[in-house]
Amino acid sequence: MRQRNLTQAKTSLNPSLTLSLQPPAHRWHCFSVVVPHDLVEAVANFLLELGSTGIVEGERDFLQPLSSTTNVQGFFPIAVSGPTIYSALTQYLHELSTLFPGLGHPVPYLTEVTSDAWSEQWRNHFPPIHVGSRFLVLPPWEPVPSQIDRIVIVINPSMAFGTGHHATTQGCLEAIEFLCATYGPPGRALDLGTGSGILAIALAKFGTRVWATDIDPIALEEARKNIEVNQVTPLIHLTEVSLEDPPAPFPLVVANLFAATLATLAPRLESAVKSNGYLTLSGIQLDQEADVRAAYSSSRWSLMQRYTQEEWVTLIFQRS
Ligand code: SAH
């Protein structure tokens with residue numbers, strides 16, 4: 001099942017919400033249990049192994065320590081035996097609590113929900129969102145406003161990261177807005193780690209030709225669909241090809257990755273960005289910023305802009 005991939009993909013950067021849609025059924029069992037953040041994945045995986053057709057993890061507050069708790073919900077078709085699942089889950093939690101005393105003794109709750117309620121609950125996580133002063137990011141079920149002076153980006157929330165709701169994506173969109181407004185849209189750009197394709201789509205809507213890469217084939221497939229919906233397919237070259245093999249240095253590179261990956265990639269990004277070109281880095285938590293900046297401290301790079309949102313920071317460098 002793809003839910004497992006989905007869990008991994010989502011948690012790679014933003015573990016706040018995991019989801020999946022299955023063909024509609026009328027009624028579902030919903031098992032709900034509150035566990036420490038660091039055990040969410042274990043419990044979610046266990047529910048998937050039991051046959052859950054969808055998992056919803058509650059919002060995680062990154063400002064709270066890992067030991068803080070999150071609600072995990074697992075949905076099962078009503079035809080399966082609720083008590084059997086309940087007792088397997090209770091037994092699993094009991095075993096887990098002997099390994100992880102911090103778990104305490106959480107008690108799962110079993111309720112019944114309709115598919116409409118579930119899908120409504122899921123959709124409520126993705127309202128339309130204004131980013132910066134230029135972008136409106138919408139899921140496909142929302143109508144596009146007829147009178148709008150913003151660039152509309154339609155993203156289907158799925159297994160790829162990048163719905164537009166995360167501070168790191170928003171930081172990159174603001175950086176793109178700033179660079180395009182200040183210097184004009186670049187002719188070409190590299191979107192390293194495209195995820196849902198959101199940054200590549202934003203750039204393509206400015207007329208930039210984008211080379212968009214990802215190491216995750218599922219992300220590439222989701223990006224392809226979003227790019228098509230946004231009607232920018234001719235401008236975006238999607239590829240799994242790694243950074244060792246980009247065509248030529250770019251006037252702009254955007255990379256919303258893990259801080260440690262950004263630090264490791266510094267030498268390669270130096271060759272991927274053209275002289276006088278720009279590099280936008282995100283995915284950096286405030287306490288990781290010093291390490292990333294140290295990796296980009298050569299005289300080749302000058303820091304031009306720095307955006308913070310929540311505990312995340314986005315950096316724009318210019319290369320000499
Ligand atoms: N650009 C999107 C998604 C960022 S999530 C946004 O800003 O919202 C990071 C993505 O980078 C994931 O899809 C992940 O699979 C991909 N990724 C991680 N390491 C990578 C690497 N070394 N090269 C290319 N893609 C990478």
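Trainee: What makes Thr169, Gly193, Asp214, Asn256 and Leu257 stand out around the ligand?

Mentor: In this predicted model, 15 residues surround the ligand, and those five are the closest. A residue gets counted when one of its heavy atoms lies within 4 Å of the molecule.

Trainee: How do you know that Asp214 makes a polar contact with the ligand?

Mentor: Set the distance against the cut-off. An oxygen atom of the ligand is 2.6 Å from an N or O atom in the side chain of Asp214. The limit is a pair of N or O atoms within 3.5 Å, so 2.6 Å qualifies. Taken alone, the ligand exposes 580 Å², and the protein buries 85% of that.

Trainee: And what about Gly193?

Mentor: There, a polar backbone atom of Gly193 is 2.8 Å from a nitrogen atom of the ligand. That is within 3.5 Å, so this pair counts too.

Trainee: Why is the link between Arg27 and Glu112 called a salt bridge?

Mentor: Their side chains come to 2.6 Å, N to O. The rule asks for a side-chain nitrogen of Lys or Arg within 4 Å of a carboxyl oxygen of Asp or Glu, so the pair passes. Arg27 is in strand β1 and Glu112 in strand β4, 85 residues apart, so the pair links distant parts of the chain.

Trainee: Why is Arg27 called partly exposed?

Mentor: Its relative accessible area is 42%. Buried means under 20% and exposed means over 50%, so Arg27 falls in between. Glu112, at 46%, is partly exposed as well.

Trainee: Glu222 and Lys225 form a salt bridge too. Which of the two is buried, and how do you know?

Mentor: Glu222 is, because its relative accessible area is 6%, under the 20% limit. Lys225 has 38%, so Lys225 is partly exposed. Both lie in helix α7, three residues apart, about one turn of the helix. Their closest N and O atoms are 3.5 Å apart, which is within 4 Å.

Trainee: What makes Gln231 unusual?

Mentor: Gln231 has a positive phi of about 60 degrees although it is not a glycine. Most residues other than glycine have a negative phi.

Trainee: Where does Gln231 sit, and is it buried or exposed?

Mentor: Gln231 is in the loop between α7 and β10. Its relative accessibility is 70%, over the 50% mark, so Gln231 counts as exposed. Asn276, in strand β12, also has a positive phi, about 70 degrees. At 52% relative accessibility, Asn276 counts as exposed.

How values were computed
Residues numbered from 1 in each chain as written. Predicted model: local features only at pLDDT ≥ 70, side-chain atom pairs only at ≥ 80, totals over all residues. Heavy atoms only, no water. Polar contact = N/O pair within 3.5 Å; in protein donor to acceptor, adjacent residues only side chain to side chain. Areas by Shrake-Rupley, 256 points an atom, 1.4 Å probe, with all protein chains shown as cover. Helix = DSSP H or I, 4+ residues; strand = E, 2+ residues; numbered from the N terminus. Buried < 20%, exposed > 50% of the residue type's maximum accessible area, 1.4 Å probe, protein only.
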